[in-house]
Amino acid sequence: MAIIKGKAWVAKTYVMSFDMIVQKFWTSPIDPIENSKWVMAGVDEAFNKENGFKDFGYTFIVAGHNFAGGGKSIEHCVTGLMGANIKAVFATSFARLQFRNAINYGMPFITSKDINLDCETGDELEYNSDNGEIKNLSNGKIFSSVPVAPFVAEVGAAGGLMNFIRTKIADGSIANLH
Amino acid sequence: MAMTITEKIMAFNSGRDSVVPGQLVWVDVHTVMTMDYLGKQCFKAFESLGAKTLFDRDRVICVSDHLVPPPTPEYATMLNEWREIVKSYDIPNFYDLGRQGIAHQIMVEQGHVLPGKISIGTDSHANTYGAVGAVGNAIGVTDAAIAMATGKCWFRVPETVKFHIKGEWQPWVMAKDLSLHIMGMMHWNGHLIYKALEYCGPAIDALDIAGRMTLCNMTVDLGAKNGIIAPDAKTAAYLQSVQKGDWNMIASDADAHYDAVYEVDVTNIGPTIARPDKLDDTVPVEQLVGTKFNKAFVGTCTNGRTEDFAIIAKILDGKKIHRDVNMICIPASQQVYLECIQKGYFEILVKAGVAIETPSCGPCAGIHTGVAGDGDIMLSAGNRNMKGRMGSKNAQIYLTSPAVVAASAVKGVITDPRSENW
């Protein structure tokens, strides 16, 4: 059973992609450690310094609708969170571009309706990736989540879509993608 | 089995007879677009995959749009590195400074997008391609690199929401007004997330391709996966001289299933404005008449086309921009630029006191060519108005149509373009 425990940061308002990674870093190389240094810098003034978000030591992010919305195809939002040791994001819904990027990087973006209404920043959460259950250990509430699609799990197990495709190119099975 | 146009495109381009929403398919992409901002990373990621060659170098489209002309030495260096890597792959369709345009404009006007096919690009407004009956979708570096290697991309087939638009377009009302009206009606944070939006009906049939591009362009800001308008005789006429490849007419089946159907009567829609910070905070222009602003902007992949400048020229002919307003116009491509010169629109604009810049994403991306400073109140015909989008977080952005921007720029305050005989 895969269980992850840790502290959550809970968004009080919409989290926008262009605030997760502010403009001057949009062209930076994609590198989880580098991208994590300034991830979330525009979301909250408390995060607006080097390793500002990372140093809080959160394991999860909890949000409402349209997490990482506002456009932007940049992958730094996801790699930045990965580098900041975020293991999963739970939200009512995700903006499609970053939802897609998260799948491609094997980063769990887990849909759990209204979970943000019953969590506070600093709460200790426990996520069971086998049954999708999320427990808020700080207030005893339990949340279910939308099951992860088999393809998404397969990409996650491969360590992301690049690895998934690399293997298929190397063994010649790439033509079978259907 | 009855399918919507988006479902048909996903089925036919994945070698299937039919698909259902929720199904995961690997599709063949017709073209992959990348640009100066992320393009080098796409090629580097492609190189790391172990593929020997690009899937088709004629169908990897490279555009310089966000950073041209470079505003800083850092961006100039980045552009140089981008050029080197594009040249090293001998990409025939490289739209660099001098031949440039905003990627989405280039993709459509140069015929790299075709009805019934799927094109992807590393910029969120790739939804624009639906204007000619293609599935256009924004993706990240990873998806672009994989498509460059394999010609394929994965998709979850979206549910389709239909917007049936009827009625008569009123004078000075543009596709942008309908787009903003729908934004206010549906809200931008989540309600249409992951959906395919299909626009149809007599008021859509009446729209030119430029208007259809505006409408499909902003579906990304409704959260949608794609926006699409079935091809018709106007599409065929538009593509005739530019299309690169064959295509067939395609449309939704009459008995296709829709997740929801909305009907909007465009007769009742007037010029519309989104107030600062939120795209869905839209109001009829009447509510804001008299509001002061100091910067006016028309351009972008949403409203930087010849048809948009034609409207502006009609309003500005013989007029002067108000002394308290600075107005910048940026054509969406070199082709648009040339057309506007040839038709005399830019002569009218320059005489009126408009600054015209070379094609680029300009201040809409908050990078250069007239970004917002502290305290600026922008009246923009771009596509986003969130805090900091066009520069300073201490600026306000009102989003509206080119007609409202032009009429207001003459008066120095927000003005209803219907209030005068321009």
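So, one bit of vocabulary before we start: when I say two strands pair, I mean DSSP finds at least two bridges between them. And keep in mind that what's on the screen is a predicted model.

Okay, chain A. Take a look at strand β5, residues 124-128, and strand β6, residues 133-136. These two pair antiparallel, over four bridges. If you want a spot to click on, try A:L125, whose bridge partner in β6(A) is A:N136. Now, the hairpin that β5(A) and β6(A) make has four residues between the strands. Which residue there takes a positive phi? That's A:G132, near 75 degrees.

Next, stay on β6(A), which also pairs with strand β7 of chain A, residues 142-143. Antiparallel again, this time over two bridges. Here A:I134 has A:F143 as its bridge partner in β7(A). This hairpin, from β6(A) to β7(A), has five residues between its strands. In the turn you'll find A:G140, with a positive phi of about 80 degrees.

Right, let's move over to where the two chains meet. On the chain B side, 36 residues are in contact, and they face 32 residues of chain A. Which elements of chain B supply at least two residues each to that side? We've got β1 (24-28), α2 (39-47) and α5 (141-150). The one giving the most is α5(B), with six residues. As for the chemistry, chain B's side that touches chain A splits into 16 nonpolar residues, 14 polar and six charged.

So that's the tour: two hairpins in chain A, then the contact with chain B. Happy to rotate things if anyone wants another look.

Technical notes. Residues numbered from 1 in each chain as written. Chains lettered and ligands numbered in written order. Predicted model: local features only at pLDDT ≥ 70, side-chain atom pairs only at ≥ 80, totals over all residues. Contact = placed C-beta atoms within 7 Å. Nonpolar A, V, L, I, M, F, W, Y, C, P; charged D, E, K, R; others polar.
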